[in-house]
Amino acid sequence: MDLNALTAISPVDGRYAGKTKALRAYFSEFALIKYRVKVEVEYFIALCELPLPQLTEVDRNLYPKIREIVSDFSEKDAESIKEIELTTNHDVKAVEYFLKDKFDLLGLSNQKEFIHFGLTSQDINNTATPMMLRDGLNQVIFPALDEVLLLLEKCVQDWKDIPMLAKTHGQPASPTRLGKEFQVFVARIQNQLVLVHQVPHAAKFGGATGNLNAHHVAYPERDWNSFAQQFVSEYLGLVRSFPTTQIEHYDHLAALFDGFKRINTILLDFSKDVWQYVAMNYFNQKIKAGEIGSSAMPHKVNPIDFENAEGNLGIANALLEHLAAKLPISRLQRDLTDSTVLRAIGLPFGHMLIALESLKKGINKLELNQSAIDADLEENWAVVAEAIQTILRREGFPKPYEALKDLTRTHEKITAKSMRNFIDQLAVSDKIKAELRSISPFNYTGI
């Protein structure tokens with residue numbers, strides 16, 4: 001079979017390819033190769049600007065042409081690198097040979113041996129990967145999250161004055177407001193985003209075992225640590241991890257993945273809550289002509305978007321859990337387990353993006369069923385018992401909690417009438433009785 005959306009093994013590139021295609025520029029094999037090329041190109045230019053004695057004759061006017069190797073990088077270029085890899089059996093070395101051919105065309109044959117000078121492949125991989133992740137998050141994931149937050153914030157405003165029966169332990173509880181319950185999720189996500197944005201995109205850059213041995217032996221008079229710091233920061237826009245072994249320690253990457261796990265968990269919690277509200281008829285879902293909710297039951301309009309989000313957020317978190325737990329562990333100065341695992345960092349964000357798209361669709365389909373919400377409040381006058389006993393406490397009434405407990409903790413239905421009758425027989429002033437009568441499940445919603 002030829003690879004396409006129907007034959008792809010993963011639904012990220014199969015069934016849901018239309019939702020995840022924006023991530024291909026940051027997490028595909030093509031993207032990894034392109035970002036490796038970018039690191040090698042910027043490193044060569046940084047050596048020229050240092051300058052190393054052998055690179056003083058490189059014309060600065062060539063820099064834009066050198067950088068065009070990256071900006072004009074095509075699938076054909078990536079395929080040629082993969083072709084070289086068939087011979088080298090080393091992916092980063094194939095990038096080096098590709099660039100040497102490009103440098104020949106630019107008249108830089110005498111300087112091309114300074115491509116990848118003093119480096120190990122992990123200096124390239126551990127700078128390319130955080131750049132890919134940073135750009136993928138900034139260009140795709142964070143904007144998608146912002147779109148969901150905007151929809152939730154609109155729900156907060158639209159429903160801020162809608163009283164709603166709360167449910168604690170699944171049982172009727174003190175009323176709340178629908179908009180406030182949505183605001184809880186908005187605030188939780190925003191708080192986690194603050195923490196996620198504090199995690200630096202870190203990179204290792206230090207040679208074969210992290211000590212810049214090759215650089216130092218070739219040019220011992222140079223301050224290579226300062227150079228590495230400047231290169232990673234100014235040329236690549238990353239934070240240099242130091243000291244390291246041959247590889248980045250991935251502690252910051254693990255923190256980032258843990259942060260996204262928490263965001264996904266909040267969104268999963270939200271998905272389950274909205275699913276329950278739909279089941280309680282608090283929301284109807286907009287009906288789209290031609291859609292079918294069940295192959296057997298024609299009446300069904302399922303909350304499938306929230307179920308889809310829940311499932312994909314769970315897969316994303318399982319992957320993020322493994323990435324966060326595995327990557328910071330490497331035997332001695334380096335083993336290769338991180339290499340194959342890092343190739344999968346796009347997968348959790350693919351599933352996360354699928355979930356975000358489903359949430360956007362689901363939220364947009366929600367229609368408030370005010371009558372169902374009001375009916376639930378009317379059916380549960382017992383919830384104002386908290387308010388009444390609290391005011392009675394204020395007034396020094398003897399054993400107010402116990403009085404309300406005797407009234408409400410029975411199997412008899414509490415109604416507006418029975419609550420009024422209870423208030424009428426209380427030994428309190430008419431002013432207090434009037435205050436108590438003014439309380440209902442519809443206005444006992446706090447602040």
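**Exercise 1. Describe how α7 and α11 pack, starting from the handedness of their crossing.**

Solution.
- Handedness: α7 and α11 cross in a left-handed sense. This model is a predicted one.
- Geometry: the two axes come within 14 Å and cross at roughly 25°.
- Class: angles under 35 degrees count as roughly parallel. α7 and α11 are therefore roughly parallel to each other.
- Residues: from α7 come L133, L137, I141, F142, L145 and L152. They meet L253, L256, F257, F260, I263, L267 and F270 of α11.
- Chemistry: the α7 contact with α11 holds 13 nonpolar residues, with no polar and no charged ones.

**Exercise 2. Classify the packing of α3 with α6 and list the residues that meet.**

Solution.
- Geometry: helix α3 spans residues 29-49 and helix α6 spans residues 91-105. Their packing angle is about 55°, and the axes are 10 Å apart.
- Class: α3 is thus oblique to α6.
- Handedness: the crossing of α3 past α6 is right-handed.
- Residues: α3 brings I33, R36, V37, E40, V41 and F44. α6 brings D91, V92, V95, L99 and F103.
- Chemistry: this contact has eight nonpolar and three charged residues, and no polar ones.

**Exercise 3. Is Q192 buried or exposed, and which residues does Q192 touch beyond four places in sequence?**

Solution.
- Location: Q192 sits in helix α8, residues 178-198.
- Burial: the relative accessible area of Q192 is 15%. Buried means under 20%, so Q192 is buried.
- Contacts: setting aside residues up to four places away in sequence, Q192 touches R262, I263 and I266.
- Link: I263 also appears among the α11 residues that meet α7.

**Exercise 4. Place L106 and find its contacts beyond four places in sequence.**

Solution.
- Location: L106 lies in the loop between α6 and α7.
- Burial: with a relative accessible area of 23%, L106 is partly exposed.
- Contacts: neighbours within four places aside, L106 is in contact with L62, K65, I66 and I69.
- Distance: L106 and K65 are 41 residues apart in sequence. Their C-alpha atoms are 8.0 Å apart in space.

**Exercise 5. Which residues of α17 are buried, and what covers them?**

Solution.
- Residues: in helix α17, residues 400-408, the buried ones are P400, L404 and L407.
- Arrangement: viewed down the α17 axis, these buried residues fall within an arc of 55°, so they line one face of the helix.
- Cover: α16 (385-394) and α18 (416-424) are included in what covers the buried residues of α17.

Note on methods. Residues numbered from 1 in each chain as written. Predicted model: local features only at pLDDT ≥ 70, side-chain atom pairs only at ≥ 80, totals over all residues. Heavy atoms only, no water. Axes fitted to C-alpha atoms, helices over the stretch in contact; angles between N-to-C directions. Helix = DSSP H or I, 4+ residues; strand = E, 2+ residues; numbered from the N terminus. Parallel < 35°, antiparallel > 145°, perpendicular 65-115°, else oblique. Left-handed = near helix turned anticlockwise from the far one by under 90°. Contact = heavy atoms within 4.5 Å. Nonpolar A, V, L, I, M, F, W, Y, C, P; charged D, E, K, R; others polar. Buried < 20%, exposed > 50% of the residue type's maximum accessible area, 1.4 Å probe, protein only. Arc of directions from axis to C-beta.
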